[in-house]
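Thanks for asking me to take a look at this one. My notes are below, as numbered points.

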Amino acid sequence: MAGKGKILVVDDEPPVGEILSEFFTPKGYEVVCALGGLEGLSKLEKFQPDVVLLDVRMPDMDGITVLRRIRDANSRVAVLMMSGNTDSEAAKETLQLGAFDYVLKPFDFDYLDRAVHKMLTAAAAPDARVRDGARALTLSMGLTNRQNSA
């Protein structure tokens, strides 16, 4: 089965990473887990995920700081924030920093699946437009060259 995309799960609670890996891997995603913000930033650089599922509250580095660093290093990777707390200020701040969404634990897996799919679709859209635009330009140039040689 061809991979659908790469997901980095950053959460200081190992069972969260395990559950998300067990959910997304059979669906064709490649999943890597990091046990905290610092490890997450390290794995971000090495793994180069399409999507990051990022916990807000972690002891070594909170998710908001990690999100800021992700945005500084790679503004294109899609980030979905996860939290066990209904902190509306944190949710608002992460969305202003460019997070795709803010979801609460325990997860609604159907929603999470749709959100990851939408993030991957949105991330691919600009590249597809560029490829289509380049192909259209190439076709246009080819037609122009044929017309000039006729």
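How many helices and strands are there in the protein chain?

1. Overall layout. The count is five helices and five strands, and, read along the sequence, they follow the pattern β-α-β-α-β-α-β-α-β-α. Keep in mind throughout that this is a predicted model. Taking contacts between residues at least 6 apart in sequence, 62% join residues at least 24 apart.

2. Surface and burial. The chain has 150 residues, and buried ones make up 38% of them. Its accessible surface is about 8700 Å², with 54% of that belonging to carbon and sulfur atoms.

3. The largest nonpolar core. This one holds 22 residues, and the members touching the most others are Val 52, Leu 54, Ile 70, Val 79 and Met 81. Two or more residues each come from strand E1 (5-10), helix H2 (37-47), strand E3 (51-55), helix H3 (63-73), strand E4 (78-83) and helix H4 (88-96). H3 is the top contributor, giving four residues. As general background, nonpolar side chains in soluble globular proteins tend to be buried together.

4. Leu 54, and a second core. Leaving aside residues up to four places away in sequence, Leu 54 touches Val 10, Gly 63, Val 66, Leu 67, Ile 70, Val 79, Leu 80, Met 81 and Met 82. Apart from the core of 22 residues lies another, of 19 residues, which includes Val 51, Leu 53, Phe 107 and Ala 115.

5. The two sides of H4. Which residues of H4 are buried? They are Ala 90, Ala 91 and Thr 94. Seen down the helix axis, the buried residues of H4 fall within an arc of 100°, so they line one face. The general rule for an α-helix is 3.6 residues a turn, so residues three or four places apart point the same way. On the other side of H4, Ser 88, Glu 89 and Gln 96 are exposed. The cover over the buried residues of H4 includes H3, E4 and strand E5 (101-104).

6. The ends of H4. Asp 87 is the N-terminal cap, with a side-chain oxygen 3.1 Å from the backbone nitrogen of Glu 89. After the helix comes Gly 98, which has a positive phi, near 105°.

7. Thr 94. Is this H4 residue buried or exposed? Thr 94 counts as buried because its relative accessibility is 0%, where the cut-off is under 20%. A polar atom of the Thr 94 side chain lies 2.9 Å from the backbone oxygen of Ala 91. Beyond residues up to four places away in sequence, Thr 94 touches Ile 64, Leu 67, Met 81, Ala 99 and Tyr 102. Two of the elements covering the buried residues of H4 are H3 and E4, and Met 81 is among the residues of the 22-residue core that touch the most other members.

8. Met 61. What does a loop residue such as Met 61, found between E3 and H3, look like here? Met 61 is buried, with a relative accessible area of 9%. Not counting residues up to four places away in sequence, Met 61 touches Gly 37, Leu 38, Leu 41, Val 66 and Arg 69. Gly 40 is 21 residues from Met 61 along the chain, and their C-alpha atoms are separated by 9.8 Å. For comparing views, Val 66 is also one of the residues that Leu 54 touches.

How values were computed: Residues numbered from 1 in each chain as written. Predicted model: local features only at pLDDT ≥ 70, side-chain atom pairs only at ≥ 80, totals over all residues. Heavy atoms only, no water. Core = buried A, V, L, I, M, F, W, Y, C linked by side-chain atoms within 4.5 Å. Buried < 20%, exposed > 50% of the residue type's maximum accessible area, 1.4 Å probe, protein only. Contact = heavy atoms within 4.5 Å. Arc of directions from axis to C-beta. Polar contact = N/O pair within 3.5 Å; in protein donor to acceptor, adjacent residues only side chain to side chain. Areas by Shrake-Rupley, 256 points an atom, 1.4 Å probe, with all protein chains shown as cover.
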